[in-house]
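User: I am new to this structure and would like to be taken through it by question and answer. Please begin once it is shown.

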Amino acid sequence: MIRIENLEFRYAAEASPVLCSVDAQIGDGQYVALIGPNGCGKTTLAKHLNGLLTPTSGDILVDGMNTKDSSTLRDLRRAVGMVFQNPDNQIVGMTVEEDLAFGPGNLHLPAAEIGRRVEETLYTVGLAGYEKRPTHTLSGGEKRLVAIAGVLAMQPRYLVFDEPTSFLDPAGKRRILNVIRKLNGSGIAIIHITHDMDEIVDSDHVLVMAEGRISMAGSPGEVLSRVAEMKALGLGPPQVTELLWRLRQSGQDVRETVLTIEEAVKAISSLILRKSGSGGDDARPKV
Amino acid sequence: MLAQRCEIMFHLGQYIPRPSVVHALDPRVKILATLMLSMTILQAGPAKAVVLSIFLLGGAWLSRLSWRDIGAALKPLVFFFCFLFLLHLFFTDGRPLFPAFPAITAEGLSRALITTWQFMALVVCAALLTMTTTPSELISGIERLLRPLRAVRISSHDLAIMVSLALRFVPMLLLEFHRLREAQLSRGADFRAGSIMTRLKKISSLTSVLVIQTFQRADELAQAMEGRGYARGPRTYLRELKMGSADYTIMISTLVFIAALYVLSV
């Protein structure tokens, strides 16, 4: 479990705080979405989780290890993997397999174990057969997957993704999100940073950040039910959520929070059924 | 399209995958053989030059490289070879070869021939190494050869990481340079007009942007590497180099060949 306790962070003593009284917990195997407008401190918070930045005051405990404690830094880095936004700036190797071998090599693992991990992680992210490919010839989506695999080869218990789908086409986004779900399914806790509200629907818990503080927390349903507040933060709720919210605003009797298209279809068709009187085959909407 | 163009620029004279004995050799053997051959080439006279040429062509044949591949390595330097040849031909004192042209001497001709051959042979020798060895193999070979340096507190692992990062970022910087240039062209910049000085100024304005971006990249890269547990000093690798019987055979025969050249002083 990761415990963030009263975290405050400033880049310099006299500077205004970037993060301010942040309290949060991330349970083992949990899928946490961290959402907020640009410049709210999401990435800064993420960099605290594996000790790239240390709190000005307050503490972060990862499975009992304090991120300020340099004697456990290596174990901390092993436990919490970070996937940064731009894959070009984190791929170290000239070929895919070399890049994946970088992390395990830093852990002084024997060659046979490194080879096993390279093969395994490439299979997990769906890039089996890419071992010898030069990294600069990969597509944007493939580079992301290599960046994820490179961190995954360290076998972390927590994985932090900083806007993993930015600049990708819809197919590329789906591919990355599927991999993230799959990794969470295998027991790795996920911290998913995004400003795309569509991506928080799958999470167990949502943290909303604004101006360096956690301004809202709860399940995706709870957070998304506060549409007006989200809009005030400059975050657009998923289209179906907003559609139903507007229907409700205009006085229609529909469920308050709807996260998926399926739920929206159900809610709207039951509304139509009720509007068009009671039952009868003719009254049923033609879809 | 842009990426492909940079790809071609980067790969000129670079690794050519072929199923050959030379490709399969331990990179350390190839690096050492190249170094020894290069030193011999620099001291070679006409007779040695002929023998060494045959040896190099034999190496190219064993590597399954074609004349065209060798030509591709030499081509960018044709101008340099011609310049070198003419320089020695015209500016060496000695007996005039033709009474009508006193500048051309017999000594000049032989010096021009041997010096130009030396440089061409060096390029071919280096090309044989880089065309049959991937950059990663080269780096791990150099890393292993430099391990004794830890006696003077220089870590070959750190050197290897530095070289491989530099190589890894070359294609990306080229791509970025083209992007910047095209972004400026699309806003009406003209890199062809004006005197050499104004053109240089325009190009240098691109360079400063590139340098700033590179520093930002380096900063992020450092954080990503730290996040993946990087620390200076020893580390382990996916492939540890191991000398096989073919490696010893080639190593020893190259040594014997060079020793024979000196002993027989051909």
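User: How many residues of domain 1 of chain B are in contact with domain 2 of chain B?
Analyst: This is a predicted model, in which local features need pLDDT of at least 70, side-chain atom pairs count only at pLDDT 80 or more, and totals for chains, interfaces and linings use all residues. Residues are numbered from 1 along each chain as its sequence is written, while chains are lettered from A and ligands numbered from 1 in the order in which they are written. Two residues are in contact if their C-beta atoms, placed from the backbone, lie within 7 Å. On that criterion, 7 residues of domain 2 of chain B are met by domain 1 of chain B with 7 residues.

User: Which classes make up the side of domain 1 of chain B that touches domain 2 of chain B?
Analyst: Ala, Val, Leu, Ile, Met, Phe, Trp, Tyr, Cys and Pro count as nonpolar, Asp, Glu, Lys and Arg as charged, and the others, Gly among them, as polar. This side of domain 1 of chain B accordingly has 4 nonpolar, 1 polar and 2 charged residues.

User: What distance separates the centres of domain 1 and domain 2 of chain B?
Analyst: Domain bounds come from an automatic or database domain assignment. In chain B, domain 1 covers 17–148 + 244–263 and domain 2 covers 156–227. Taken over C-alpha atoms, their centres are separated by 33 Å.

User: Which element of chain B has the lowest mean pLDDT?
Analyst: pLDDT is the predictor's confidence in each residue, from 0 to 100. Chain B averages 86, and 95% of its residues score at least 70. Over residues 5–12 of chain B, however, pLDDT stays under 50. Helices (H or I, at least four residues) and strands (E, at least two) are DSSP runs, numbered from the N terminus; among the elements of chain B, the lowest mean pLDDT, 48, belongs to helix H1 (residues 2–11).

User: Why is caution needed where pLDDT is low?
Analyst: Low pLDDT limits how far a prediction can be read. In such places, the predicted coordinates should not be read in detail.

User: Which helix gives the largest share of the side of chain A that touches chain B?
Analyst: Here 33 residues of chain A are in contact with 26 residues of chain B. Helices H2 (73–79), H3 (96–106), H4 (111–124) and H5 (140–152) of chain A each give two or more residues to this side. By class, the side of chain A divides into 15 nonpolar, 12 polar and 6 charged residues. The largest share, 7 residues, comes from H3(A).

User: Which are the edge strands of the open sheet in chain A?
Analyst: Two strands pair if DSSP finds at least two bridges between them. The open sheet has 6 strands in the order E6-E7-E8-E3-E9-E10, with mixed pairing. Pairing on one side only marks the edge strands, E6 (80–83) and E10 (213–218) of chain A.

User: Which residue of E7(A) is the bridge partner of A:Val80?
Analyst: E6(A) and E7(A) run parallel and are joined by 4 bridges. From E6(A), A:Val80 and A:Met82 point one way and A:Gly81 and A:Val83 the other way, and all are buried (20 or more other C-beta atoms, placed from the backbone, within 10 Å of their own). In E7(A), the partner of A:Val80 is A:Tyr158.

User: Which residue of E8(A) stands opposite A:Leu159?
Analyst: Strand E7 (residues 158–162) and strand E8 (residues 189–194) of chain A pair in the parallel sense over 5 bridges. Opposite A:Leu159 in E8(A) stands A:Ile190.

Notes
A residue is buried if 20 or more other C-beta atoms lie within 10 Å of its own, exposed if 12 or fewer, and partly exposed in between; C-beta atoms are placed from the backbone.
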